[in-house]
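This report looks at one helix, the cysteines, a metal site and the enclosed space of a structure. The sequence and model come first.

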Amino acid sequence: MRRSFVLLALLGLLAGPATAADIGNHDWRQHGEDSAERRYSPLNQISNDTVARLGLAWEQQADSRRGLEATPLVVDGVMYTTSTWSRVMALDAATGKLLWQYDPKVPKAWAKRLCCDVVNRGVAVQDGKVFVGTLDGRLLALAADNGKVLWEIDTLVDREAWYSITGAPRIVKDMVVIGNGGAEYGVRGYVTAYDMASGKQRWRFFTVPGSPDGPFENPELAEAVKTWDKDREWTGGGGTAWDSMAYDPELDLLYVGTGNGSPWARHVRSPGGGDNLFLASILALDPDTGRLAWYYQTTPGDNWDFTATQHMILADLTIEGKARKVLMQAPKNGFFYVLDRQTGELISAEKFVFTNWASHVDLKTGRPVETGLGTYKDEDKYVFPAASGGHNWHPMAFNPDTGLVYFSGREAGWVHSKHDDKWFAYGADNLSELIGEQQVPESTGFLKAWDPVQQAVVWEQALPNTWNGGVLTTAGNLVLHGTATGDFYALDARTGTVLKHIEVGTGMIAPPISYAVNGTQFIALMAGWGGPAFNTLEGDEALLRHDNAGRILAFKLDGTEVPLPPAVAPRGPLPVPPEITADAATLEEGRLLYVRYCGSCHGMYGSEPMLPDLRRMSSATHALFNRIGREGLYENAGMVSFADEISESQAESIRAYIVHLANSTRAAN
Ligand code: CA
């Protein structure tokens, strides 16, 4: 009798409605909530029954008008997050009150070494220390209670090379682990573990060999080098570990995703062919030694910027009746992978977007079967997915209650040009010829709920822009995410029904988190659109509706309305640019230089919404063009001098191309 009463009471606790007393305080201590990176919150005060009451708890300005990508952490009721330029903020997680901030004073000139905005994806917190990697390649430990620098080290092997750090450090045991980016700019990738207390280096794993004859700084490179043309020009190589890591304490394996080849074109990078290990790979490392346990290469001989740095989730799934310890990733290349995380064995891989470079992944060999539609050595090709990926860094989420993985991505293609050499993105203007007989999708964004056992979509939400937010899922049977168009959604995790829509105004790319303080559950995220300007779509007015002033938003039940940022006035037609006479060769030179040095911030169409649209330059700005571009006139605003890269006559070619761009846009409208 008594036993069954206790049992009933226990059942009541487990199944009953959540009350304030139930949830108490609950932190979000790690980048992916846990080291398996599930991004699943066990909190359920905000649920599909209550989420209609969701409103604003607090907001705090992030002093930024560019992309905000960080996952905030909440440790002992304090939120630690980052804004642009690797700046760190600590806030009271219940009220949003700013406790301290720290600016590592990244030199503004570093901005030109970045493909994809002055972003940072967050900090790691452990033992009273806040760890942050900076755009210019430093790793810092700050005191969690006041932001004072405890130690600071330089992680770069070469400060002249165009390295950068945008990713969040990860804590493994008593170490802090960080990689870097820069594979668009000819660097050699590596990941390093440092002693958490002192910053002293424990080990470093280079992801690609640096020369045919060594030194092989890690012994695995002696094998990897055989997959490269030894007569290649031995610079860079790529394979940068710029974002994703996960850790399984039971198997004691650290998983690291590696990036694309550098340069992109494999016929330039390794003319004799080869898989070019360890590009576009998932590495399983022994965290004590940095030695490789196994690897799986998603895109052998990468040719398309198909990084495997995308979010990896560790989960236990039942597949064909067997319990499997899996690792899941939806990298840029368009296939959703399920691997055995103990051995690296490929369990399954299926397309999650339109993909034309490979027909399928052969389960026997574990290799994609290329179609030839992606080979652009001799002719330009329109390749799907685009270089921005079917899915990019925007974190996914795995809900163990539904067994589904949720992620935002895009249907999009990219022109790879036969002219691509050390550089990329030369593009082409004969798109309809390139498409030819192929049935290709329109560019569009989505949020998908994916069944990793069946390898099939369960439901999806169509999104108008292609560059949207990361995802959170919760025990309240919810999926939560923000979009490029400034819309925050809560959906039913099982059905995809929109249960709550909050207009935020500010575009979002970062993922939400959830935590509880004193019995109140919060959902919070960074709002501020940005990233690679190559993604902006010509005429995408939805992106321009509101000012992009970055802020941190926290929601709770029975909160208030979210104040909308000032509306952006309709921009009107392009002004008439000054007349410039330039021959076709000058315009082509200007186009290539524009793509190389201007487009990644100002946009491929000259229409990036966060930074000035160069087609709209006034005659005064035209007159100052050379001084702005080569003398650093606007350096304090982040527009640094390119005097080392371009001559005065080249600057004039770029200006001629911008005028040409403005005139062709005007003629088309
Ligand atoms: Ca890349």
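In this predicted model, the buried residues of helix H9 are Ala-651, Ser-653, Ile-654, Arg-655, Ala-656, Tyr-657, Ile-658, Val-659, Leu-661, Ala-662 and Thr-665. Among the elements that cover them are helix H6 (584–597) and helix H8 (619–631). An α-helix has 3.6 residues a turn, so residues three or four places apart point the same way. Helix H9 runs over residues 648–668, and its 21 residues should span 30 Å at 1.5 Å a residue. The C-alpha atoms at its ends are 30 Å apart, in agreement with that expectation.

**Cysteines**

The whole structure contains 1 disulfide. The bond is between Cys-115 and Cys-116, with the sulfur atoms 2.1 Å apart. Its S-S torsion is about -105 degrees, so the disulfide is left-handed. Cys-598 takes part in no disulfide, and its nearest cysteine sulfur, that of Cys-601, lies 9.2 Å away. Cys-601 is in no disulfide either; for this residue the nearest cysteine sulfur is that of Cys-116, at 9.1 Å. Since a disulfide requires sulfur atoms within 2.5 Å, neither distance qualifies.

The table gives the accessibility of three cysteines.

| Residue | Relative accessible area | Class |
|---|---|---|
| Cys-116 | 25% | partly exposed |
| Cys-598 | 13% | buried |
| Cys-601 | 22% | partly exposed |

The classes follow because buried means under 20% relative accessible area, and partly exposed lies between that value and 50%.

**Calcium site**

Which residues coordinate the calcium ion? The donors are Glu-184, listed twice through OE, Asn-260 through OD1 and Asp-305 through OD, at 2.3 to 2.6 Å. Along the sequence, the donor residues follow the spacing E-x75-N-x44-D. Glu-184 and Asn-260 link distant parts of the chain, being 76 residues apart. Glu-184 sits in the loop between strand S12 (175–178) and strand S13 (190–195), while Asn-260 sits in the loop between strand S17 (253–257) and strand S18 (261–262). Glu-184 and Asn-260 are both buried.

**Cavities**

The whole structure holds 5 cavities of 30 Å³ or more. The largest encloses about 460 Å³. Its lining consists of 32 residues, of which Cys-115, Cys-116, Glu-184, Trp-242 and Pro-532 are the closest to the centre. This group includes the disulfide partners Cys-115 and Cys-116 as well as the calcium ligand Glu-184.

Conventions
Residues numbered from 1 in each chain as written. Predicted model: local features only at pLDDT ≥ 70, side-chain atom pairs only at ≥ 80, totals over all residues. Heavy atoms only, no water. Helix = DSSP H or I, 4+ residues; strand = E, 2+ residues; numbered from the N terminus. Expected span 1.5 Å × (residues − 1). Buried < 20%, exposed > 50% of the residue type's maximum accessible area, 1.4 Å probe, protein only. Contact = heavy atoms within 4.5 Å. Donors = N, O, S within 2.8 Å, 3.2 Å for Na, K, Ca; no water. 1 Å grid on protein atoms, 1.4 Å probe; cavity = no way out; pocket = protein on both sides within 12 Å on 5 of 7 lines; lining within 4 Å. Points joined across faces, edges and corners; volume = space filled by probe spheres on them.
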